[in-house]
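Biologist: Could you walk me through reading the rings and greasy surface spots in a model like this one?

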Amino acid sequence: MGSVLNIGAILGPFIGGFLSSNVGRKWGLLASFIPLVVGWVLVIIGTSMWLLYIGRVCWGIAVGMLFTIGPMYCAEIATTDSRGALGSFLQLFITFGFLFVYGVGPYAPYNVVAFLGLGVVVVAAVLFFFMPETPTYYLLKGNRDAAAESLMKIRGRSRAGVEAELSMIAADVDASLEKTATLSDVFKGSNFKAFYISCTLVMAQQLCGINAVLFYMTVIFESSGLDIADIATIIIGAVQVVASAITPFAVDRLGRRILLLISTCGTAVGLALLGMFFILKSQGSDIVDSISFLPILALVLFIITYCWGLGPLPWAIMSELFPIEVKTAASPIVTAFCWILSFIVTMLFPMIPEELMYLGFFIFCVCCVCSFFFVLFVVPETKGKSFQEIQEELGGGKVKSGKA
């Protein structure tokens, strides 16, 4: 049940990529609310496991669409100096969702949680209906006046006040339209560099074990012998929200690389502590009772540092690295790859016997260490750079900057 959502999330990115390219970023995102609503309705009326499985798959399709189009939408409406912060809000609002379920789930009837979830989706859909389409999409369709109207609404300025920025966006779009991008172009030159960096970052995100930890957090606490599993889970959820709220304010000041390095280091330490606790428990060590607090401490460290970097930044960086002409082809592949890994992790982790649970945490820890060195030596810094400058850096200086 925990892993089946990922099946839908593997399919969703390709639906999202098609819709974002053909009907727009806004309407593609609005379309993602349909499988969300269907999923909640099936949960409400579900009288068998199969209906719940189908509901989870519907949610997964929506998640795959949202994670493909959402970062694209944010990157295309953001200014250069706020792009990282706006992209980081994705993780912040995900943590609000987790805290909602952690806080309400143990104490409210099953159907109440489902109706509340459905209500959140309906409200979000109604609110987003009044949001503008991105200027980039309008320019891709040759509608400069609509692009100007969109940018005026987003920036709250007159036509004259947005003309300079509009011209800069138009120049990037015109340059992209001169190139006919196909799927094979994703695997060529600087596009392939952007692709393997993005794939490795989402691999780091999933192989740090985040979904295994979140989906089975209560089980982890119960396995540690704590009798406050529900309360501890709420504490972790609150920590997620607070930690995620810091990233938008820090990412455009400190940069993506620094936060990713801190994140991979901190998650590695947290997982090592969890692994150490469970190996002592499996050996029947007398010290276990005196360090029963360690799982909470380790998970707090893990969650805080995950939310600072590995959670939000792979999506933000992916939306910055790909040029406009290949974004709708490359982003779905990266997103689907992410959810394939999530499916594997959440499917296999519960199969680990309790006495060997430490092995899972140590494997995740090693993955975090490897990710640290990948970020250190490979991932470029995108803070404060225009899309054209990022492409120039990826291409080894072959593309001239379009920034004055």
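Biologist: Is F192 buried or exposed?

Modeller: In between: buried means under 20% relative accessible area, exposed over 50%, and partly exposed lies between them (1.4 Å probe, protein chains only). F192 has 35%, so F192 is partly exposed. This is a predicted model, where local features need pLDDT of at least 70, side-chain atom pairs count only at pLDDT 80 or more, and totals for chains, interfaces and linings use all residues. Residues are numbered from 1 along each chain as its sequence is written, and side-chain values use heavy atoms, leaving out hydrogens and water.

Biologist: How many aromatic pairs does the structure hold?

Modeller: Rings of Phe, Tyr and Trp (its six-membered ring) pair if their centres lie within 6.5 Å; planes under 30 degrees apart are stacked, over 60 edge-to-face, the rest tilted. There are 23 such pairs here. One of them is tilted: F187 and F192, 6.5 Å centre to centre with 45 degrees between the planes. F187, at 42% relative accessibility, is partly exposed too.

Biologist: Which residues form one aromatic cluster?

Modeller: F277, F278, F349, F361 and F364 do.

Biologist: What lies over the face of F387?

Modeller: A charge sits over a ring if NZ of Lys or CZ of Arg is within 6 Å of the ring centre and within 35 degrees of the ring normal. R83 lies over F387 at 4.7 Å from the ring centre, and K327 also lies over that face, at 5.0 Å.

Biologist: And is F130 buried or exposed?

Modeller: With a relative accessible area of 53%, F130 is exposed.
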